[in-house]
Amino acid sequence: MPLMDVEYQLPLDAKGACATRHAWARVPPEPAPAERAALKERIRGLLKQKNAVMVSHFYVHPDLQDLAEETGGLVSDSLEMARFGRDHAARTLVVSGVRFMGETARILSPGKTVLMPALEATCSLDLGCPADAFSAFCDQHPERTVVVYANTSAAVKARADWVVTSGCALDIVRALHADGQKILWAPDRHLGAYIQRETGADLLAWQGACIVHDEFKAFELEALMREHPHARVLVHPESPAEVVALAHAVGSTSAILQAARDMQASEFIVATDMGLLHRLRTLLPHKRFIEAPTAGNSATCKSCAHCPWMAMNGLAGLAEVLESGRNAVEVEPGLIPRARQPIERMLAFTAALRSGASTAGLVPQLGAA
Ligand code: SF4
């Protein structure tokens, strides 16, 4: 697995979330084939024994994606992970991803145990948006509706009117804009700028970034496109604007999957975490997927788009937490009711959109409250 040695400069947080260098150091070694098979077998048994279900993000190790699917769990983006965990009957959710995903599951399912193979796995967007500073920012702009990306702490969500994922951000902000609301957006600056461009909303953005998507390079991507003139380019909107401008389709991980399914092309260049490439190649084996470049010719690694925190999740850690019950996700009880409200609002909005029902009554005036 190629390593991207980027030290994330913000200080560690109180919960012990680790910076990128420390995260890479904790990436579990690849198990040998016999060990991998034994671990999978042990996990299958433990899932049944503990009445547990796996919920894995598209960016985690292929083993954790395949096992989730094979055992009746879910492999998806953070929007569907939240919905699936809330609605599933299992008493224990095992979330393979990063901490905000485990926290969201805990907030939505207070009666369930939520376990994570790597509890310290965080996200540069979450680290880059401390709740106190963000709350002060909101206080300076009380006339704005606060919309935060799911990649934030429970405390930041508790300060928000809406939580969104990249799968529904455009629809929700478009509805708020149509309702005449001004937006305070956090934390991803590229996604915020993309939403602003697409919707025309009056949007004031926090300036965070995803350390993975921020690395994609437009100049290098153009060179790769010249090498593959028939390839279609699929880009996640956490990428810089110059990269988004080169895309044939822009969207969340689920939208990228859908675009690859729907487009006639047989070759695609994909600008998102390389974890999604496993899913794309599994579902569409007759198509070719190429990783978008994150570095120039002189670099040792041309495409290092992999999240160090997602990489901390592994089979051995998952088996261990299922067996011991360690690594249970906790959220400060006082935050849960307030943080749940904007997440439930998002789930209700997206459920209405999906069913074709009206979303008009789901957009209350909140910003000035
Ligand atoms: S890929 Fe980016 S947005 Fe996703 S968890 Fe990692 S740092 Fe956060």
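**Strand S1, the domains and the ligand shell**

Tutor: Let's start with S1 and strand S2 (residues 74–76), which pair in the parallel sense over three bridges. Keep in mind that this is a predicted model.

Student: What makes S1 and S2 count as a pair?

Tutor: The cut-off is at least two bridges found by DSSP. S1 and S2 have three bridges, so they count as paired. One bridge to look at is Ser56, whose partner in S2 is Val75.

Student: How does the chain get from S1 to S2, and what is the hand of that crossover?

Tutor: It passes through helix H3 (residues 62–70), making a right-handed β-α-β crossover. To check the hand yourself, point the strands away from you: the path from the first strand over the helix to the second should run clockwise.

Student: How do you know that S1 pairs with strand S3 (residues 92–96), and in which sense?

Tutor: Same test, at least two bridges. S1 and S3 have five bridges, in the parallel sense, so the pairing holds. Val55 is opposite Val95 in S3.

Student: Why is S1 (residues 52–57) called largely enclosed?

Tutor: A residue is buried if 20 or more other C-beta atoms lie within 10 Å of its own. Six of the six residues of S1 are buried, so the strand is largely enclosed by the rest of the structure.

Student: And what about the two faces of S1?

Tutor: In a regular strand, side chains alternate between the two faces of the sheet. On one side of S1 you have Ala52, Met54 and Ser56, and on the other Val53, Val55 and His57. All of these are buried, so both faces are covered.

Student: Zooming out, which domains does the protein chain have?

Tutor: It is divided into domain 1 (20–123 + 310–324), domain 2 (127–211 + 335–362) and domain 3 (213–291). The C-alpha centres of domain 1 and domain 2 lie 26 Å apart.

Student: What makes you say domain 1 and domain 2 are in contact?

Tutor: Contact needs C-beta atoms within 7 Å. By that test, 14 residues of domain 1 are in contact with 16 residues of domain 2. On the domain 1 side, helix H4 (78–87) and helix H5 (99–108) give two or more residues, and H5 gives the most, with five.

Student: Which residues come nearest to the ligand?

Tutor: Of the 13 around the ligand, those are Cys123, Ser124, Cys210, Val212 and Cys307. By class, the shell has 10 nonpolar residues, two polar and one charged. Domain 1 and domain 2 each supply at least three residues of the shell.

Note on methods
Residues numbered from 1 in each chain as written. Predicted model: local features only at pLDDT ≥ 70, side-chain atom pairs only at ≥ 80, totals over all residues. Near = placed C-beta within 6 Å. Nonpolar A, V, L, I, M, F, W, Y, C, P; charged D, E, K, R; others polar. Domains from an automatic or database assignment. Contact = placed C-beta atoms within 7 Å. Helix = DSSP H or I, 4+ residues; strand = E, 2+ residues; numbered from the N terminus. Buried ≥ 20, exposed ≤ 12 C-beta atoms within 10 Å, placed from the backbone.
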